[in-house]
Amino acid sequence: MNNKRWPLMGETITFSDRLKMAYFCLTANRFTYGEKVKEFETKWNDWLTEEKYGKHNSLYVSSGSTANFLLVAAVIEKYGLKPGDKVLLPACTWMTNVSPIIQLGLTPIFCDVNMQNYSFDLDEAKLIARKHKDIKLIFVTHLLGFPAENSKLKEIFPKALIIDDVCESHGCKDETGNRVGNLSLGATFSFYFGHHMSTIEGGMVTTDNIDLYDLMRMKRSHGLARESLVFKMYQDLSPEIDPQFIFQTDGYNFRNHEICAVLGISQLDRLSSMVDKRRSNYTKYVEIINNFPDLFHPHEYIEGNSSFCFPFICKSKELNLKMKDKFNEHGIEYRPVVAGNLLSQPFLKNYKMETKRKIPNAQIIHTQGVYIGNNHFVTHYDMEFLSEIIGEINV
Ligand SMILES: Cc1ncc(COP(=O)(O)O)c(C=O)c1O
């Protein structure tokens, strides 16, 4: 039990969610992946494309991490990427955005991030594009609920494929007002506790490419041809094998199950309102940050955000410690900004950032950054209180 006055996140599973799961448990005949999963996937497609036209295909999987892995594995197969092919990655993201690239034999090229939306620093990306003309894939992370600038990346790397990790940014919008993930070659979402909505564990991978979708359907379920939209074609190609057990591609078991899908369907009804509340809190947060220019790196309001948390990038390490002391004093739970500079983590100690800067932003975020929770439980009064306690910090 978390006794903090302001925890990173509260439990979002309501009594009504619980009733729906309980009813399902008492009445269902099938609990493994089935009709409820399909219903959740269809409803997710509708939600993603709700505000702008799009045509998307989604697969509900066991987590945001397995969504990332599945997407990268399918992109490699469909687009014929070879071992060692280069992939552009940000130095600040979650580890399981980077891991599949390495685990699946590709070469990560790490780019520094910018201090506004914490996605790629575009000046650095331009330098990298000159040095590495053969980057095949860009795995963008839309971090902390902020949409990254994919259209600018497309200009810098016109030949590269682009996929999106939206695991902590459900409902953020690109510059044309599209929900990020709609119109994407591939996008992933996490429904872990603390995210904009929860299915306890779970993730979604979506694509606008029907062949990629079909491949992911099979890979999600052991590589079985019977999952394919063109099952008949595969049967005809392997008439000597029992149709139910034709393994058409290498696969995994990344499926999720019916009870979590029931919860997902229930939570999805509230997702837009949860994003709206987070966005409204974020507006106040931007005001607070910019009231204290001596304490924090400035932050301009980012249109299209679906704010995940409130990051504070302090002007010095000492200020960072003072902030944490304040948070401790007032029962405000905090944590590093995602995983800090990933290249400082033991797992990636043999990799380096392809940057020319002496002081990369990722390192500043690593040593001077801290974030506290934003969610639909945070009230106007909490935000006033936050402003007050920050005002108590002497520079
Ligand atoms: C950017 C990013 N990618 C991937 C993940 C992994 O999601 P999951 O915890 O559902 O595996 C997370 C988790 O928070 C994340 O923040």
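This is a short walk through the domains, the ligand shell and the strands of one structure. Keep in mind that the model is predicted.

Let's start with the overall layout. The domain assignment splits the protein into domain 1, 15–265, and domain 2, 271–390. Their centres, taken over C-alpha atoms, are 26 Å apart. Domain 1 puts 36 residues into the contact, and domain 2 puts in 34. On the domain 1 side, the elements giving two or more residues are H4, strand E3 (107–111) and helix H5 (122–131). That side of domain 1 has 20 nonpolar residues, nine polar and seven charged.

Now the ligand. How many residues surround it? The count is 15. The closest are Gly64, Ser65, Trp94, Cys167 and Ser190. Two helices, H3 (64–79) and H4 (95–103), each supply at least two residues of the shell. H3 gives the largest share, with three residues. By class, the shell has 10 polar residues, three nonpolar and two charged. Note that H4 turns up twice here. It supplies residues to the ligand shell, and H4 also gives residues to the domain 1 side that touches domain 2.

Next, the seven-stranded sheet. It is open, and its pairing is mixed. Reading across, the order is E1-E8-E7-E5-E4-E2-E3. Which strands sit at the edges? They are E1 (57–61) and E3, each pairing on one side only. Neighbouring strands are turned by 20 degrees against each other on average, with direction ignored. Helix H2, residues 35–48, packs on this sheet and touches E1 and E8. The direction of H2 makes about 130 degrees with that of E1.

Zoom in on one pair. E7, residues 187–190, and E8, residues 203–207, pair antiparallel over four bridges. Within that pairing, alanine 187 has threonine 206 in E8 as its bridge partner. Ser190 belongs to the closest residues around the ligand, and strand E7 runs over residues 187–190.

Last stop, strand E11, residues 369–373. Is E11 enclosed or open to the outside? Five of its five residues are buried, so E11 is largely enclosed by the rest of the structure. E11 has antiparallel partners. Five bridges join E9, residues 309–313, to E11. There, isoleucine 313 stands opposite glycine 369. Two bridges join E10, residues 334–335, to E11, also antiparallel. In that pair, tyrosine 334 stands opposite isoleucine 372.

That's the tour. Questions, please.

Terms used: Residues are numbered from 1 along each chain as its sequence is written. This is a predicted model: local features need pLDDT of at least 70, side-chain atom pairs count only at pLDDT 80 or more; totals for chains, interfaces and linings use all residues. A residue is near a molecule or strand if its C-beta atom, placed from the backbone, lies within 6 Å of it. Ala, Val, Leu, Ile, Met, Phe, Trp, Tyr, Cys and Pro count as nonpolar, Asp, Glu, Lys and Arg as charged, and the others, Gly among them, as polar. Domain bounds come from an automatic or database domain assignment. Two residues are in contact if their C-beta atoms, placed from the backbone, lie within 7 Å. Two strands pair if DSSP finds at least two bridges between them. Axes are lines fitted to C-alpha atoms, for helices over the stretch in contact, and angles run from 0 to 180 degrees between N-to-C directions. A residue is buried if 20 or more other C-beta atoms lie within 10 Å of its own, exposed if 12 or fewer, and partly exposed in between; C-beta atoms are placed from the backbone.
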